[in-house]
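Me: I'm new to this structure and would like to understand the words used for it. Could you walk me through them?

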Amino acid sequence: RTLARPHAPAAQRGSTGTPRHQQDGRAPLDRLLVRHLCGRLAGRTRATMLVSLYAGLLGLGYGVLSYGVISVRRGKGVSSGDGGDELLQRRIRGHANFAEYVPMALGLLALCEHERALPPAALHGFGALLCLARYGHGRAFWTTRKWALGRVGGTAGTQATILTLAGALVLNALASKPNA
């Protein structure tokens with residue numbers, strides 16, 4: 001089976017009459033993309049990092065927190081700042097707190113996975129803990145009601161994740177043989 005279209009324009013054909021992309025042994029980009037997508041649909045996929053799952057879940061959580069800020073801004077007619085509104089202040093703080101801690105935690109999780117500093121089960125455990133902690137913390141800031149369990153539990157879970165992953169990376173680096 002050939003990759004050439006049956007009626008390729010003469011400008012696309014080389015001196016031998018075959019399409020130029022076949023002369024140098026390369027398939028056209030569109031055919032490579034189709035093969036890649038068909039392979040993925042057929043279950044033949046590349047190995048994915050487990051951190052991708054948690055990055056995706058946390059990305060969705062970030063979207064929910066963003067929506068929470070935007071919806072209150074629209075409802076209160078506040079385009080900049082917090083307008084002195086307690087609910088908007090809490091939502092902004094919850095959103096900002098997420099943005100402050102999650103990138104560091106995901107970076108550490110990815111490095112631990114890449115360096116094999118922890119077994120996959122432990123990485124899944126810390127990824128799940130991070131998701132639960134950030135959900136609880138974000139939920140604590142969603143309303144004006146005080147929810148100490150969500151805020152304290154979310155903070156503790158996030159800090160435990162970051163400190164444990166950082167410690168695992170340091171221990172792994174100290175135990176490794178230098179490349180030199």
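Me: Which residues is Arg 73 in contact with, leaving aside its neighbours within four places in sequence?

Reply: Happy to help! This is a predicted model, and in it Arg 73 is in contact with Val 78, Ser 79, Ser 80, Gly 81, Leu 88 and Ile 92. Contact here means heavy atoms within 4.5 Å. Arg 73 itself sits in helix 3, which covers residues 51-76. Gly 83 is 10 residues from Arg 73 in sequence, and their C-alpha atoms are 9.0 Å apart.

Me: Why is Arg 73 called partly exposed?

Reply: The relative accessible area of Arg 73 is 21%. Buried means under 20% and exposed means over 50%, so with 21% Arg 73 falls in between and counts as partly exposed.

Me: What makes Asp 85 buried?

Reply: Asp 85 has a relative accessible area of 18%. The cut-off for buried is under 20%, so Asp 85 counts as buried. Its place is in the loop between helix 3 and helix 4. Not counting residues up to four places away in sequence, Asp 85 touches Val 72 and Lys 76.

Me: How do you know that Asp 85 caps the N-terminal end of helix 4?

Reply: A side-chain oxygen of Asp 85 lies 3.2 Å from the backbone nitrogen of Leu 87. A polar contact needs N or O atoms within 3.5 Å, so the 3.2 Å pair is within that limit.

Me: What is the shape of helix 4 along its residues, and where does it bend?

Reply: Helix 4 runs over residues 86-115, 30 residues in total, and reaches 44 Å from its first C-alpha to its last, close to the 44 Å expected at 1.5 Å a residue. Helix 4 bends by about 25° at Tyr 101, and Pro 103 follows within four residues. After helix 4 comes Arg 116, with a positive phi near 55°.

Me: Why are helix 3 and helix 5 called roughly parallel?

Reply: The axes of helix 3 and helix 5 (residues 120-140) cross at roughly 5° and come within 10 Å. Angles under 35 degrees count as roughly parallel, so these two helices earn that description. Where they meet, helix 3 brings Tyr 54, Leu 57, Leu 58 and Leu 65, while the helix 5 residues include His 124, Ala 128 and Arg 134.

Me: How many helices and strands are there in the protein chain?

Reply: The protein chain has 6 helices and 0 strands. Of its 180 residues, 31% count as buried.

Technical notes:
Residues are numbered from 1 along each chain as its sequence is written. This is a predicted model: local features need pLDDT of at least 70, side-chain atom pairs count only at pLDDT 80 or more; totals for chains, interfaces and linings use all residues. Side-chain values use heavy atoms; hydrogens and water are left out. Buried means under 20% relative accessible area, exposed over 50%, partly exposed in between (1.4 Å probe, protein chains only). The expected span of a helix is 1.5 Å times one less than its number of residues. The bend at a residue is the angle between axes fitted to the seven residues ending there and the seven starting there. A polar contact is a pair of N or O atoms within 3.5 Å; within protein, one must be able to donate a hydrogen and the other to accept it, and residues adjacent in sequence count only if both atoms are side-chain atoms. Axes are lines fitted to C-alpha atoms, for helices over the stretch in contact, and angles run from 0 to 180 degrees between N-to-C directions. Angles under 35 degrees count as roughly parallel, over 145 as roughly antiparallel, 65 to 115 as roughly perpendicular and the rest as oblique.
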